[in-house]
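Welcome to this short tour. Open the structure in your viewer, keep the selection panel handy, and we will go stop by stop.

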Amino acid sequence: MLFLVAALLLLGVVLGTVAHAPLGFTLVAAAVIAVWLGVFALRERHARRGHTSTH
């Protein structure tokens with residue numbers, strides 16, 4: 001429950017910051033985050049594909 005409260009508080013701070021940031025900066029930051037998440041997903045998929053699990 002504490003994690004959820006902290007996550008919602010952080011989300012509110014981030015959304016408040018984005019609301020006051022210029023649109024160009026917001027779009028660049030969103031693109032950087034999207035690329036980072038894409039790279040992370042590809043690395044995870046590649047790591048799981050090479051690893052056989054007994055579960």
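Start by selecting Glu 44, which counts as partly exposed because its relative accessibility is 31%; buried means under 20% relative accessible area, exposed over 50%, and partly exposed in between, with a 1.4 Å probe and protein chains only. Glu 44 belongs to helix α2. Now add Leu 10 to the selection: 34 residues separate Leu 10 and Glu 44 along the chain, and their C-alpha atoms are 26 Å apart.

A word on what you are looking at. This is a predicted model, in which local features need pLDDT of at least 70 and side-chain atom pairs count only at pLDDT 80 or more, while totals for chains, interfaces and linings use all residues. Residues are numbered from 1 along each chain as its sequence is written, and side-chain values use heavy atoms, with hydrogens and water left out.

Next, zoom out and colour by secondary structure. How many helices and strands does the protein have? There are two helices and zero strands, taken as DSSP runs numbered from the N terminus (helices are H or I, at least four residues; strands are E, at least two).

Select α2 on its own. At 1.5 Å a residue, its 28 residues should span 40 Å, and its end C-alpha atoms are 41 Å apart, which agrees; the expected span is 1.5 Å times one less than the number of residues. Of those 28 residues, zero are buried, so α2 is hardly covered.

Over to helix α1, where you can pick Gly 12. Gly 12 counts as partly exposed because its relative accessibility is 45%. Measure across to Val 28, 16 residues from Gly 12 along the chain, and you should find 20 Å between the C-alpha atoms.

Now for the largest pocket. Select Val 14, Leu 15, Thr 17, Val 18, Ala 21, Phe 25, Thr 26, Ala 29, Ala 30 and Ile 33 to show its lining. A pocket here is an open set of points on a 1 Å grid over the protein atoms alone where a 1.4 Å probe fits, with protein on both sides within 12 Å along at least five of seven lines; lining residues have an atom within 4 Å of a point. Both α1 (2–20) and α2 (23–50) supply at least two lining residues, and α2 gives the largest share, five residues.

Finally, show the whole chain again. Of the 55 residues, 2% count as buried. Along the principal axes, the C-alpha atoms fill a box of roughly 50 × 35 × 5 Å.
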